[in-house]
Amino acid sequence: MLLAAAAVVGGVVVGVGSPVAGAVEAPGTVVSTTPLAAGELPGGAASGYQVLYASTGVGGASTTVSGLVYLPEGAAPAGGWPVLSWAHGTTGLGDSCAPTVTGSNRLAYLTGWLDAGYAVVATDYAGLGTPGGHPYLDGRVAAYGVIDIVRAARAVTAELSPHWFAVGQSQGGHAAMFTAHVAGRYAPELDFRGAVAHGVPSNLSYFVSLIGPTFPPSLVGLGTKTLIAYILAGLEIARPDFDLASYLTPLGKSVVADAHTLCGVQLAARVSDVNLADMFTKDLGDPFRQAWGAVFDVPVTGYDRPLLIAQGDSDAVVPPSLTSRLVGDLAANSQPHTYKTYPSDHTGTPDAALPDALVFAEGLFDGVTPAPDTTPPTGVTAAADRAPDSGGWFTKPFTATWSGTDPSGIAECTTAAYSGPDTATGSLSGSCTDKAGNVSAPVPFAFRYDATAPSAKVTAPAGLIRSGTQVGGTAADAVSGVAAVTVTAVNYFTGRRTTHVATCATDCATWRVSTSGLHGFYTLTATPRDAAGNTGPASPGAFTIIL
C-alpha cells in the first residue's frame, strides 16, 4: 500500500499559443486550430494539429482544454481512420508542464499505433496549458477531456471515423478507466469501443487519509512526498468545498502552492528535504478520504465496453498488489476486462504491452461496418503545371490539374491541356471523383492566354524632317494589348543604331518618339511587345532624312 504512493509523476509532455479563457461552447467545440510543422510530429504521422476545444470541467462548468491531433500516413480507409484518444501520465500541474508546451507527446509508443492505422488525439487535461487549475486525478474531468478531443478532432478533419477507444498510462491509465465508465453516456453520438489502461493508480484514498503530523518519515520516499503534494493541490481544484487549509501548516500551504506550478522534477527537488509530517496540523482522516475518494476512486461497476488492464511486475509506482485488488473487484462484479502482467517497471509497461494492446484494439473494431461514403471530395482546387509566362498571361501551352481530399481516397481528378485559342477570359472546368464514386461539383480554372505576337509600323512623317521632330506610328494586339513599342533608328551609312521607347496612347494603338540628336540618313523600324510578353517582328523600315 505504501509503495502505491511512490511517484506517479512520470509522463509525457507540444505548444499551443495563448490559451483562450472562459469557453462556453458545447463540449467538443473547436476554439482554435494550428497545423503542426513536420518537426512537431511523431514518427508515423503524416500531419497534425494543435487544438483548443471546449470541455466539461469541475462541477460541470465549461472549460477550454488544449491537445493534439495526429493523422497516419497514407489515405484514410472508407469511413475514416479509427481514433485512439491518448491519456498521458503525470507531468505536473503547472501550465508549463502540459504536453502541448514541452513537446514530449512525440512518443515512439504512439508511433506504433499510427503505423497500425489509428489516428491519435491527445488531451492535455483541463487546467494544463489553459486557464484554471488542474484537478489532478479527478477521473471524471480527465475523462471529459479525453472524450471531447475526439469530438473536436472530428470537427477539424473529415478523415476521422466515429469509432474510437482510449489508451492511457499512469495518471492517464486512471483517466482511461473513467473514460470507459462515462463515454457511452457522455458522448452517445460517438461509437466508443473500449479502453487500454496501463499502470492504473487505484485503492489509494485510504492510505493517503492516514497521513498527518505523526506520520513516520521513514515510511515515505521522495516519490511519495511529490505525489502527496500533487494530490493535495489537485484536491484544492477538484473539491474547493473541502477545507484543506485547516489541515496544513504554513510549510504545508507553501508546498501545496508550489505544487500548482512546478513540474515533476522541480517539485521533487522542492520537497526533497521536507518531512511530510511537518506539513499537517492534523490527520487527513475520513473527511479527506470521502472528499478525495469521490473524485479519485476507480469505479468497479458500470462498464459496458471491454477493458485491457496492463500491469508491470516490477512496477514500484503502482504496485501489482493494488492493481490485483482492482481487477479482483472488477471480476467480482462481472465487468468486461482482460488483465495482463509484464516483466516491466512502471514506465516500461506500455511498450511491453503494445503487441497485446494492438491485438486487443483490432478485436474492438471487429464487426464495425464503415458507413457508406456518400460525400463527394472536398477542397477541390485546380492549378497549372507552371506559372504564367508574363504578367499573369500564358503564352505557351500548359496543363491544369485538379486535386481534392476525401476520407475514402481520391480515385481520379480532371487533367486538361490548353494550347489555344487566345483569350483574355479563359476558363477550364474540372472535378474529382473519390473511390466510392462520388463526384465533386465542377470547379473552374480561370486563365489568360495569348500566344500571338503584336504588330507595329511607322506611319509619319516620312521623307525629309528636322531633328527633334516626332515620328509616329501604330501598333495592335488582338488579346492582351500592346504594352510597349521600341523604335530603332539605323544610320544608313555608318550603321550606328539608336533605340528609343515610344510614348504610347492607350494600348499603344498610336505612339510617338522624338528624333532629337539624330542627323543624317536613317531607316526607322518599330518593334512592339504585348502585355503577355510576346515580342512582334520589327516593322518594315521607313527611310527618313533628318536635318
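In this predicted model, strands β18 and β25 (residues 542-546) run parallel and are joined by 3 bridges. One of the contacts can be pinned down to residues: G463 has T544 in β25 as its bridge partner. Parallel pairing is one of two options here, since strands of a sheet pair through backbone hydrogen bonds, either parallel or antiparallel.

Zooming out from that pair, β18 and β25 belong to an open sheet of 5 strands, laid out in the order β18-β25-β24-β20-β21. The pairing across this sheet is mixed. At its edges stand β18 (463-465) and β21 (497-501), and each has a single partner strand, so one side of each is left without a neighbour in the sheet. Going from one strand to the next, the twist averages 30°.

The sheet is one piece of a chain with plenty of strands: the secondary structure of the protein comes to 25 strands, alongside 11 helices. As for how the chain is carved up, the domain assignment gives four entries. Domain 1 is built from two stretches, 29-202 and 299-364, while domain 2 covers 205-295. Further along come domain 3 (378-449) and domain 4 (455-545). Between the C-alpha centres of domain 1 and domain 3 there is a gap of 42 Å.

Overall dimensions come next. The radius of gyration of the protein is 37 Å, whereas a compact globule of 547 residues would sit near 24 Å. Along the principal axes, the C-alpha atoms take up a box of roughly 120 × 55 × 40 Å. Even so, 52% of the 547 residues are buried. The accessible surface adds up to about 21500 Å², and carbon and sulfur atoms account for 55% of that area.

On the electrostatic side, searching the whole structure turns up 7 salt bridges. One of them pairs the side chains of R193 and D191, with an N to O distance of 3.0 Å. Both ends of this pair are tucked away: R193 is buried at a relative accessible area of 18%, and D191 also counts as buried, at 18% relative accessibility. With the cut-off for buried set at under 20%, these two residues make it in at 18% apiece.

Another salt bridge connects R270 to D258, and here the closest N and O atoms are 2.6 Å apart. This pair links distant parts of the chain, with R270 sitting in helix α8 (residues 264-271) and D258 in helix α7 (residues 250-259), 12 residues apart. Neither end is buried in this case: R270 is partly exposed, with a relative accessible area of 25%, and D258 is partly exposed too, at 24%.

The side chains of K396 and D389 meet in a salt bridge as well, at 3.1 Å from N to O. K396 is partly exposed, its relative accessible area being 46%, and D389 falls into the partly exposed class at 29%. Elsewhere, salt bridges with shared partners tie D148, R151 and E189 together into one network.

How values were computed:
Residues are numbered from 1 along each chain as its sequence is written. This is a predicted model: local features need pLDDT of at least 70, side-chain atom pairs count only at pLDDT 80 or more; totals for chains, interfaces and linings use all residues. Side-chain values use heavy atoms; hydrogens and water are left out. Two strands pair if DSSP finds at least two bridges between them. Helices (H or I, at least four residues) and strands (E, at least two) are DSSP runs, numbered from the N terminus. Axes are lines fitted to C-alpha atoms, for helices over the stretch in contact, and angles run from 0 to 180 degrees between N-to-C directions. A salt bridge is a side-chain nitrogen of Lys or Arg within 4 Å of a carboxyl oxygen of Asp or Glu. Buried means under 20% relative accessible area, exposed over 50%, partly exposed in between (1.4 Å probe, protein chains only). Domain bounds come from an automatic or database domain assignment. The radius of gyration is taken over C-alpha atoms; the globule rule is 2.2 Å times the number of residues to the power 0.38. Accessible areas come from the Shrake-Rupley method with a 1.4 Å probe; for residues, only the protein chains shown count as cover.
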